[in-house]
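Please take a moment to look over the sequence and the model that follow. The paragraphs after them lead from the overall fold to single residues.

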Amino acid sequence: PSKKNPIAHGLELVATIIRLITQERPLLYLGIPSAILLTAGGAAAVYLIWLFNKTRYFSIPIAIIALGLTLLGTILATAALTFHALAIVLKRYRL
């Protein structure tokens, strides 16, 4: 049996995962999902335009999905680049 408190151990694991994501490999853990979300958002937007040109029907749900995926992908890409730049600065000054 473990000697650690399960809640404290769980919080320690979450903190380790967040550190791994934000400091050590932000482009891998945030950049790849952002690329996938941006691609899916672009595909939804292209489908929306195709559907409108074909039927003259503007689908609000597809537009919301396209905007949401694109916005989330952009936020993740910005966070990945920011965390990557911060990791480089921290390594340079050894903080």
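Helices here are DSSP runs of H or I with at least four residues, and they are numbered from the N terminus. With that in mind, leucine 28 can be placed in helix α2, a residue to which the text returns below. The model is a predicted one, and every value given here is computed from it.

Taken as a whole, the protein chain has 3 helices and 0 strands, and from the N terminus on its elements follow the order α-α-α. Its radius of gyration is 20 Å, well over the 12 Å that the globule rule gives for 95 residues, so the chain is more spread out than a compact globule. The C-alpha trace, followed along its principal axes, spans about 65 × 40 × 15 Å. Of the 95 residues, 18% count as buried, while the chain exposes about 7,300 Å², of which carbon and sulfur atoms supply 74%. Among contacts with a separation of 6 or more, 66% are accounted for by residues 24 or more positions apart.

Helix α3 covers residues 60-93, and its length can be checked by a short calculation: at 1.5 Å a residue, its 34 residues should span 50 Å, and the end C-alpha atoms are 49 Å apart, which agrees. Within α3, the residues Ile62, Ala63, Ala66, Gly73, Ala80 and Ala87 are buried, and what covers the buried residues of this helix includes α1 (6-24) and α2 (26-55). An α-helix has 3.6 residues a turn, so residues three or four places apart point the same way. After α3 comes arginine 94, whose phi is positive, near 50°.

Which category, buried or exposed, fits alanine 87? This residue, placed in helix α3, has a relative accessibility of 9%, and because buried means under 20%, alanine 87 counts as buried. The C-alpha atom of alanine 87 is separated by 8.7 Å from that of proline 26, although the two residues are 61 residues apart along the chain.

Leucine 28, in helix α2, offers another case, since its relative accessible area is 41% and it is therefore partly exposed, a term that applies between the 20% limit for buried and the 50% limit for exposed. Leu28 also belongs to a nonpolar surface patch of about 380 Å², which is made by Leu28 together with Tyr29, Ile32 and Ile36.

Terms used. Residues are numbered from 1 along each chain as its sequence is written. This is a predicted model: local features need pLDDT of at least 70, side-chain atom pairs count only at pLDDT 80 or more; totals for chains, interfaces and linings use all residues. Side-chain values use heavy atoms; hydrogens and water are left out. Helices (H or I, at least four residues) and strands (E, at least two) are DSSP runs, numbered from the N terminus. The expected span of a helix is 1.5 Å times one less than its number of residues. Buried means under 20% relative accessible area, exposed over 50%, partly exposed in between (1.4 Å probe, protein chains only). Contact means heavy atoms within 4.5 Å. Patches are made of residues with over 30% relative accessible area and no salt bridge: like charges are joined within 9 Å, nonpolar side chains (Val, Leu, Ile, Met, Phe, Trp, Tyr) within 5 Å. Accessible areas come from the Shrake-Rupley method with a 1.4 Å probe; for residues, only the protein chains shown count as cover. A salt bridge is a side-chain nitrogen of Lys or Arg within 4 Å of a carboxyl oxygen of Asp or Glu. The radius of gyration is taken over C-alpha atoms; the globule rule is 2.2 Å times the number of residues to the power 0.38.
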